[in-house]
Amino acid sequence: MPYRLPANWRFSSLVLAVAAASPAWADDGQPAQAIVITANPLRSNEISSPSSVLQGDALLLRQAYSLGAVLDGLPGVSSTSFGPGASRPIIRGLDGDRIRILQNGVTALDASSLSFDHAVAQDPFSAERIEVVRGPAALLYGGSAIGGVINTLDRRIPRNPIEGVNGQIDLNAGGAARERNAAVALDAGNGQFALHADAASRDAGLLRIPGYAWTPSRRAQAVGEEEQAAAAAKDTLPNSNGRAISGAVGASWTWADGYLGLSYADYQANYGSVAEAGVRLDMHQQHLALAGEVRALAGPIQSVKFDFSNTDYEHKEIEDGEVGTRFTHKGYEARIEARHRPLGEFNGVIGLHTSSTRFAALGEEAFVPQTDSDSHALFLLEETPLSQTLKLSLGGRLEATRHAPDGQGNTRFDGAYGRRYTAGSFSLGLLGQLGQGWSWAANASRTERAPTFYELYANGEHVATGIIERGDNAAGKEKARSLDLALRYAQGGTRASIGTYYSRFDNFIALMPTGRYCSSEGEADVCTDDPAAGVAEYRYQGVPASLHGIEFEGSSKLAALAGSGDWALDWQGDYTRASNRLSSEPLPRIAPLRLAAGVSYGLGPWSTRLGVQHAASQSRVPVGENTTEGYTTLNLSLSYRFKLSSGEWLAYLRGDNLTNQEVRYASSLLRDIAPQGARAIKVGLRGQF
């Protein structure tokens, strides 16, 4: 019987769309340069850390059901891809609590870092801009950013004066999951007081796939009636449908030198777990935000900026109509940044960052105890020119973290005890100009991360991943030393960069197999060395590890090849190699070499783009993990801009995976049972007024 959404989910089922677009160009014929806000409180035109920015048509082009799917394929970025409903970004092979996911610079709590089947509680349709900072950003955002930061920025708290009324409507339909999505946003103001409201609805059916869901080798291993039925699934991915609705209101008071505003957002989603037939995840997040900035102050501090968020998150895992486990995550986060007046040649900010959360899991699949976590940090970032062609940035962060578990009578957690950590992070960056459009960047850092509550206290079967997880209550801090080097070029309509990185971890906290197999008996487990005895046991433990790789990207405006019109070429690629330095074994779920290129053409209101993406096979995998085949996909888009009444409109068509390749991500835990979508067409319309 098909799953029916709850009756109270009555909402318009139209869809936001995605159109292909060529790179944005400035008036001088050079690709437009976007100033990165994340990890850049001084608003420098360029930062030493490698980064990517999606906004405007480029963001519209990549819109998808989940944040991980939107960002997958950017240089250094892959995704966990636990089916269409749950896909969390991975940066340079690092995921979970090594990647900080922010909304407008602060965290909106969910449970996505705990398990691959837990979705990120953010609606990509509400984002006006998404920034990705690759490599350590722990200086400003804490140990959870030891691998990088993803920051979605929206207009829910207006930060600039608004005169009159303006808005945006997005609709689209199609794709491999036969999506139907819609989004609308309105802004109004009188030059001082500003209001914002937005709402979105997304509805996706079962994902169409090119052939069997399970690989031939995995189908051959199917045992029992239930597994054999799952192995026979073909052409559509079972239990992959889902729906989400979101809405927000916000208000601000703006003036010449600042703003003060607040917003409230509500997000609900219901989607299937493609790893467990009959299991649905029902998610609800409420998010309150307060933000403000005061500029042009007298005295030693010239501006102060603050952000505060309070989140109430819950999701239920429902099997055959019954709630099996309920997860909650509640708490607040606040940060304040004060920019001081120049001290000689030094410009900088000093900041405070604090958070307090409570995580709880109740029910039959609760494998972690209720835990209260607090974090308080002080950070400093300074920047100074060393010469006319060389700029230095440096900074540090000191952070105190506390975890306090409460087993609430569950004997599994009787031995759990509280932990306190003090972590320090330092960074140094250089930006140098070489002339004739060439520049270089270097960034070195030493970062520390306190273990998360689940790395300390996990003790039980994690059904979604099919293993027994054990935490290490005595775990020490994770420590890393990292180096990024990049060569960049920007001149005459061409922008390009190539970079390399290396990270060396002294205590990489990894989930490692123990060689034992366990069966659960109430609140206790019976474990032996016999694989037939039950589920494989894994334990969090610190190992020496290293990650290194290369990333490149670029775009160039081409000379007219024939007649009128504008031609452009873009390209990108990345490769990551990650190893356990103790055993020389590869780390799991690392994306292979990936290459992509596209050619765009624009003539008047029309534009089109043809793109090709290639991923090599991934045979460098740890024992027990299957290899993945390589693939090459072809994508095509066509768009048309027009004016209607007082609005500007963009109609578009997008074709994905036109070669109908079987695509399985090496970074996905479910690569052997859940491929990506088949050949698909999506059409859409965006209007701005």
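**Figure 1. The largest cavity of this predicted model has a volume of about 790 Å³.** Welcome to the inside of the protein, as the prediction shows it. The lining of the largest cavity is made up of 42 residues, and those closest to the cavity's centre are Asp-97, Arg-100, Leu-109, Ser-144 and His-329. This is a good place to begin looking around.

**Figure 2. Several strands help to line the largest cavity.** At least two lining residues come from each of E4 (99-103), E16 (322-343), E17 (346-363), E18 (370-387), E19 (390-406) and E21 (438-449). Strand E17 makes the biggest contribution, giving five residues. Sorted by class, the lining of the largest cavity holds 18 polar, 14 nonpolar and 10 charged residues.

**Figure 3. The second largest cavity has a volume of about 350 Å³.** Here 28 residues form the lining, and the ones closest to the centre are Ala-39, Ser-48, Ser-49, Leu-381 and Ser-393. By class, 13 of the lining residues are nonpolar, 11 are polar and four are charged.

**Figure 4. A helix joins strands in lining the second largest cavity.** Helix H3 (138-141) supplies at least two lining residues, as do strands E18, E19, E20 (419-435) and E21. Strand E20 gives the most, with seven residues. You may recognise E18, E19 and E21 from the lining of the largest cavity, where each also supplies at least two residues.

**Figure 5. The model holds 11 cavities of 30 Å³ or more.** The two cavities shown in the earlier views, of about 790 Å³ and about 350 Å³, are among them.

Technical notes
Residues numbered from 1 in each chain as written. Predicted model: local features only at pLDDT ≥ 70, side-chain atom pairs only at ≥ 80, totals over all residues. Heavy atoms only, no water. 1 Å grid on protein atoms, 1.4 Å probe; cavity = no way out; pocket = protein on both sides within 12 Å on 5 of 7 lines; lining within 4 Å. Points joined across faces, edges and corners; volume = space filled by probe spheres on them. Helix = DSSP H or I, 4+ residues; strand = E, 2+ residues; numbered from the N terminus. Nonpolar A, V, L, I, M, F, W, Y, C, P; charged D, E, K, R; others polar.
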